[in-house]
Amino acid sequence: MKDQNKVTFSRRSFIRTSALASGGLLIGFNFLTACKETAKPPVDISKLNFNDFNAFIKIADNGYVTIYSPNPEIGQGVKTSMPMIIAEELDVPWEHVTVKQGDLDTKNFQRQVAGGSQSIRFGWDALRQTGATAKQMLINAAATKWGVDASTCKASDGVITNASGDTLGYGDVVNEAATLEVPENVSLKSPKDYKIIGKDAINVDMDAIITGQPLFGLDYTNEGMKYVSVARPPAFGQKIKAFDATKAKAVNGVSDVIKFGDKIAVLASNTWASMKGKKALDIEWANDGTLESTSDHDEELNKILDSKNLDVRREDGNVEKAFAEADKIIERTYESPFLPHNCMEPMNFYANVTDEKVHLVGPIQTPAGTARRVANLIDRNEEDIHLEMTRMGGGFGRRLYGDFVLEAAEISHLTKQPVKVIFSREDDMAAGIYRPAIKYRIRASLKDGKVTGYHLKEAAINSNMYGLIPNFFPAGAIANYKVESGNYKSNITTGAWRAPYTNFLAFAEQSFFDELAIELNTDAVQLRLDLLANVEDGKDPNIQYSAKRMIDTIKLAAEKGNWGKPNSNTYQGFAAYYSHNTHVAEVVDISLDNGQPKVEKVTVAVDCGIVVNPTGAKNQIEGGVIDGIGHAMYGDFSFEKGKPDDTNFNTYRLIRMKETPIVDTYFVDNELSPTGLGEPGLPPAGGALANAIRNATDKVLTKQPFIKELNKRKTDLTV
């Protein structure tokens, strides 16, 4: 492990302004992928004279600190945890820090993205460096003022002390600090000295959220703004043939109706009028492509699995030879449906396109990429785009795609008016973008009581697993190992859905391993430990996971989950999975209620390195577990002739409050750099639940949602 406590970096990567006119120092670091923010100070920061400069840290002459958060906040908690990292190294009291959401700024901020559970991982070093460098500059300024060597001074809780016991607050030396050189070598704290990192911190937006203050995209309004509802093709593969807007324009409050592409926008003075106007449109739709159905997809995916011409993603040893020499071959095919994202806050965005600039405001996970797309769409320079990010009422990957932003920008561009596009729930579920339907076929060869071969085939709609996944477990653990993939090109739009691909693959593989354990007459946990014992960390640079860290995580989950010793009338299931740089293991306890499974408790062990904010970390794990269980159990979505069968929650089944289990989370204690938590808790949940259900009912589940499978008879292994 590299030395985390001594860091050298270039002055050119450190952004600093001279003394603020109001008395203060502005400091920032060009982070790799930072996302920052802070807690409410006990003073009214609106009364402080902070200048609006483009950077990360502002220190006022009273010692209070503001940290700008450039990355989007979608509920993953980075707006709290990342400022904690800066505040820790800056050595200021957490209560003296506040946070503001930064706007899109591609010059000073890098990777302003919320996706892949990467914000903490990529921001860790840069955030610490920023705080530590700012602290050292303040110490140097105090030392100069006292006429002593800076090495004889120290800082703590916003106060600098010299060897004689004299003290100065940060605010006392902030102006002097602004005139000094930026130090290239700074010392970082040892984890044993942390005061903020590792301590529970309340979400910095909590008060505003529970008191209904305007934080989210749906809250945003601006003078003269028109509310817009958009009529989109009701089926994938259709376009507008003709339309009549007479009835729509007659709706009270509707001010305009325009066609753009194969969509129609209804502008009105309020949301209700725009939605009512959209319903009043007379539109004739024509087919413009194949109207696909779920039955078509099922057939096409099976053809791919049967194909001999797939893309090889990883191949170790000789799988064909292992199967030819096997005592027994086990095979399963696992199936998953499309799934919508169903964020609680439907898609929405504000746009005001003028000759001077393009003003965009709303919830988006990819502000920089979306701004570029807007610039290209309406033929403007990227410098003309001013994008402000709001807090998001859920993202889960849906807000990676700025289709709704482009709609708003184009409508404003065409009408020369400020507009706000708002999706209804039906719009949200019918317009895409969905988790792709996928099938996995897994075969394993057994010989002399060992797993000797493993062959995974993936058939997916539109795209396949990203490049790192074939190097996840069990890669490296089985000598003869092969992963292949193929896809079917569909006109149904698909994209990333929380923990892309692994959200279903983990269920398939972890369920399959339990079947292997049964066949080999060994404990499910022990089988995984035995396979991991075959992996030497670092030997294969392509292997993504750490065998040692996974073993420790598995053992912690088994211990805390009381594995193998369930309470009376309780059945257990186990799964362990590595994704998004984090190792997770889960034990699911279920009971049977009239033959139906009821999830009572999920015990989770996590190795994500240093835990910055335990409260936020546990929230992320609990949310991922419940999301994983809910969608594996109930999530279903299908198409008939290009149209989704469900467009609202009256027919689309989500997990209900009474069905959510107790989630007990434990973290492996180490001092390794932190990794993400927004997604890794989800993938193992479905597999652990399926294994618990099999142990309780002898029903082998191969399709999601499980609710459809539970009344079917037990499936025999294919031999």
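## A mixed sheet and a cluster of rings

Lys226, Val228 and Val230 point one way from β11, Tyr227, Ser229 and Ala231 point the other way, and all of them are buried. Please keep in mind that this is a predicted model. The briefing starts from that strand, moves out through its sheet, and then turns to aromatic rings.

**Strand β11 and its neighbours**

- In a regular strand the side chains alternate between the two faces of the sheet.
- Strand β11 is mostly covered, with six of its six residues buried.
- On one side, β11 runs parallel to β21, and three bridges join the two strands.
- Val228 can serve as a landmark here, as it stands opposite Val421 in β21.
- β11 also pairs with β14; these two strands run antiparallel and are joined by five bridges.
- To find that pairing on screen, look for Val230, whose bridge partner in β14 is Ala265.

**The whole sheet**

- Seven strands make up an open sheet with mixed pairing, and their order is β13-β14-β11-β21-β18-β19-β20.
- The edges are taken by β13 (254-260) and β20 (385-389); each has a single partner strand, so one side of each is left without a neighbour in the sheet.
- From one strand to the next, the twist averages 20 degrees.
- The partner of edge strand β13 is β14 (residues 263-268): six bridges join them, and they run antiparallel.
- Within that pair, Lys259 has Ile264 of β14 as its bridge partner.

**Helices on the sheet**

- Helix α6 (residues 271-279) lies across four strands, namely β11 (226-231), β13, β14 and β21 (419-422).
- The direction of α6 is at about 25 degrees to β11.
- Helix α9 (residues 367-377) also packs on the sheet, where it touches β19 (358-362) and β20.
- The direction of α9 makes about 145 degrees with that of β20.

**Aromatic pairs**

- The model has 24 aromatic pairs.
- One of them joins Phe472 and Tyr578: the ring centres are 5.1 Å apart and the planes stand at 90 degrees, over the 60 degrees cut-off, so this pair is edge-to-face.
- Phe472 sits in the loop between β23 (450-461) and β24 (480-488), while Tyr578 belongs to strand β25 (residues 571-579), so the pair ties together parts that are 106 residues apart in sequence.
- Both Phe472 and Tyr578 are buried.
- Phe473 and Tyr545 form another pair, with ring centres 5.9 Å apart and planes at 85 degrees, so this one is edge-to-face too.
- Distant parts of the chain are linked by this pair: Phe473 is in the loop between β23 and β24, Tyr545 is in the loop between α13 (524-532) and α14 (547-560), and the two are 72 residues apart.
- Phe473 has a relative accessible area of 9%, which is under 20%, so Phe473 counts as buried.
- Tyr545 is buried as well, with a relative accessible area of 4%.
- Ring pairs connect these four residues into a cluster that also includes Tyr454, Tyr481, Phe512, Phe513 and Tyr577.

**Charges over rings**

- Arg121 lies over the face of Phe122, at 5.1 Å from the ring centre.
- Over the ring of Phe323 sits the charged end of Arg443, 4.3 Å from the ring's centre.

Note on methods:
Residues are numbered from 1 along each chain as its sequence is written. This is a predicted model: local features need pLDDT of at least 70, side-chain atom pairs count only at pLDDT 80 or more; totals for chains, interfaces and linings use all residues. Side-chain values use heavy atoms; hydrogens and water are left out. Two strands pair if DSSP finds at least two bridges between them. Axes are lines fitted to C-alpha atoms, for helices over the stretch in contact, and angles run from 0 to 180 degrees between N-to-C directions. Contact means heavy atoms within 4.5 Å. Buried means under 20% relative accessible area, exposed over 50%, partly exposed in between (1.4 Å probe, protein chains only). Rings of Phe, Tyr and Trp (its six-membered ring) pair if their centres lie within 6.5 Å; planes under 30 degrees apart count as stacked, over 60 as edge-to-face and the rest as tilted. A charge sits over a ring if NZ of Lys or CZ of Arg is within 6 Å of the ring centre and within 35 degrees of the ring normal.
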